[in-house]
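Here is a short set of exercises to work through with the structure open beside you. Try each task before you read its solution.

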Amino acid sequence: MFPAPQLNDMTELVAAAKKVASARHPVSFSGAGLSAESGIATFRDKNDNALWSKFNPAELASQDGFKANPELVIDWYNARRQTAAAAQPNAAHTTLGARKGWIHITQNVDTLLEAGGVSPENVLHLHGTLDEDHCNNQCGYSSKVNMLAPEGLKHCPRCDAYLRPSVVWFGEQLPENVFNQALHAVQQCDLLLVVGTSAQVMPAAGLIDIARENGAHIIVVNKENTPKTHSEDTVLIGSAATVLPQLFTS
Ligand code: NAD
Ligand code: ZN
């Protein structure tokens with residue numbers, strides 16, 4: 001569906017593969033494009049699901065959106081949960097899963113890296129995961145969600161506020177502990193593999209600049225160029241599931 005790197009990119013691909021093979025502290029930084037070929041739509045791609053295509057994710061995934069229409073937001077998350085629960089890791093996830101010694105920073109709220117073989121302790125979910133709810137009043141209550149059959153809007157059993165998904169909404173702070181671990185990882189890494197992110201959501205996208213400023217080489221894999229790339233970065237245009245296996249075997 002997406003073009004693999006063309007012949008004139010092969011030298012670049014081989015050079016990038018050498019960098020991947022020789023990296024001592026490799027880190028990946030991924031976004032929704034990593035899971036696109038597993039059937040999970042990105043926010044920016046056209047959503048095939050007509051029911052949700054008329055809504056703006058940036059409005060639904062926010063405290064204002066939840067205040068305005070909590071049922072709608074929960075229904076949207078529950079649809080995403082069922083899609084994520086049914087999805088299988090693609091070749092990009094399993095390629096990363098087969099490598100040891102990597103730290104994976106992801107903006108994705110699915111757990112397909114883990115399903116693809118990455119140890120959960122090596123995945124830093126900057127934006128949380130879909131499999132938990134917590135109290136919107138921050139009373140401290142949280143509960144696991146049955147992803148295949150999630151329930152509708154529920155009240156907190158402790159304080160009666162609404163429960164909400166344990167993901168980071170637009171305008172909210174990232175979990176401090178996870179962000180600090182990610183910061184540490186990009187400050188130490190010698191290679192940052194940036195896969196399938198538009199690199200527009202801050203502060204997550206700022207991690208790419210921090211890695212570069214600390215001397216890491218940046219390899220970007222995306223089906224199109226992204227604004228965060230610099231001339232010294234390696235940019236491989238193509239789908240994650242096509243390019244990653246080539247990058248790790250050449
Ligand atoms: P984004 O939607 O802003 O950008 C996706 C990027 O992936 C684009 O640059 C696009 O060109 C690229 N892309 C699409 N398909 C690709 C493919 N097959 N191979 C390689 N690249 C591909 O997503 P983002 O940068 O992750 O940021 C937006 C927010 O979206 C994040 O906060 C994230 O939590 C949320 N989100 C997550 C999921 C998920 O968990 N799978 C899905 C949708 C949105
Ligand atoms: Zn509560």
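## Exercise 1: Serine 166

Serine 166 has a relative accessibility of 15%, which makes it buried. Keep in mind as you work that this is a predicted model.

**Task.** Where does serine 166 lie, and with which side chain does its own side chain make a polar contact?

**Solution.**
- Step 1: Find strand β6, residues 163-167; serine 166 is in this strand.
- Step 2: Look for a partner of the serine 166 side chain. The side chain of histidine 134 makes a polar contact with it, at 2.8 Å.
- Step 3: Put the burial next to this. Serine 166 counts as buried because its 15% relative accessibility is under the 20% cut-off.

## Exercise 2: The surroundings of ligand 1

**Task.** How many residues surround ligand 1, and which are the closest? Work out also what classes of residue make up the shell and which parts of the chain supply them.

**Solution.**
- Step 1: Start with the count. Ligand 1 is surrounded by 29 residues, and the closest are Gln107, His127, Thr197, Ser198 and Asn222.
- Step 2: Sort the shell by class. There are nine nonpolar residues, 13 polar ones and seven charged ones.
- Step 3: Trace the shell back to the domains. Domain 1 (1-39 + 88-127 + 174-250) and domain 2 (41-86 + 128-167) each supply at least three residues.
- Step 4: Look at the helices and strands. Helix α2 (residues 33-36) gives the largest share of the shell, three residues.

**Task.** Which polar atoms of threonine 197, asparagine 222 and lysine 223 lie by ligand 1?

**Solution.**
- Step 1: Take threonine 197. An N or O atom in its side chain is 2.6 Å from an oxygen atom of ligand 1.
- Step 2: Go on to asparagine 222. Here a polar side-chain atom is 2.6 Å from an oxygen atom of the ligand.
- Step 3: Finish with lysine 223, where a polar backbone atom is 3.4 Å from a nitrogen atom of ligand 1.
- Step 4: Now consider the ligand's surface. Ligand 1 taken alone exposes 850 Å², and the protein buries 96% of that.

## Exercise 3: Serine 35 in helix α2

**Task.** Is serine 35 buried or exposed, and which side chain is its polar partner?

**Solution.**
- Step 1: Locate serine 35 in helix α2.
- Step 2: Check its accessibility. Serine 35 has a relative accessible area of 1%, so it is buried.
- Step 3: Follow its side chain to that of asparagine 108, with which it makes a polar contact at 3.4 Å.

## Exercise 4: Backbone details

**Task.** Which residues does the cis peptide bond join, and where does the proline lie?

**Solution.**
- Step 1: The bond runs from methionine 202 to proline 203, and its omega is near 5 degrees.
- Step 2: Proline 203 sits in the loop between β7 (191-195) and α10 (206-213).

**Task.** Glutamine 138 and alanine 199 both invite a look at phi. Is glutamine 138 buried or exposed, and is alanine 199 buried or exposed?

**Solution.**
- Step 1: Read phi for each. Glutamine 138 has a positive phi near 55 degrees and is not a glycine; alanine 199, also not a glycine, has a positive phi of about 55 degrees.
- Step 2: Place them. Glutamine 138 lies in the loop between β4 (128-135) and β5 (142-144), whereas alanine 199 lies in the loop between β7 and α10.
- Step 3: Compare their accessibility. Glutamine 138 is exposed, because its relative accessible area is 70%. Alanine 199 is buried, because its relative accessible area is 6%.

## Exercise 5: Cysteines and disulfides

**Task.** How many disulfides are there, and are cysteine 135 and cysteine 159 buried or partly exposed?

**Solution.**
- Step 1: Recall the bond itself. A disulfide covalently links the sulfur atoms of two cysteines.
- Step 2: Apply the cut-off, a pair of cysteine sulfur atoms within 2.5 Å. The count is zero disulfides.
- Step 3: Check the accessibility of the two cysteines. Cysteine 135 is buried, with 0% relative accessibility, while cysteine 159 is partly exposed, with a relative accessible area of 30%.

Terms used. Residues numbered from 1 in each chain as written. Chains lettered and ligands numbered in written order. Predicted model: local features only at pLDDT ≥ 70, side-chain atom pairs only at ≥ 80, totals over all residues. Heavy atoms only, no water. Near = heavy atom within 4 Å. Polar contact = N/O pair within 3.5 Å; in protein donor to acceptor, adjacent residues only side chain to side chain. Areas by Shrake-Rupley, 256 points an atom, 1.4 Å probe, with all protein chains shown as cover. Helix = DSSP H or I, 4+ residues; strand = E, 2+ residues; numbered from the N terminus. Nonpolar A, V, L, I, M, F, W, Y, C, P; charged D, E, K, R; others polar. Domains from an automatic or database assignment. Buried < 20%, exposed > 50% of the residue type's maximum accessible area, 1.4 Å probe, protein only.
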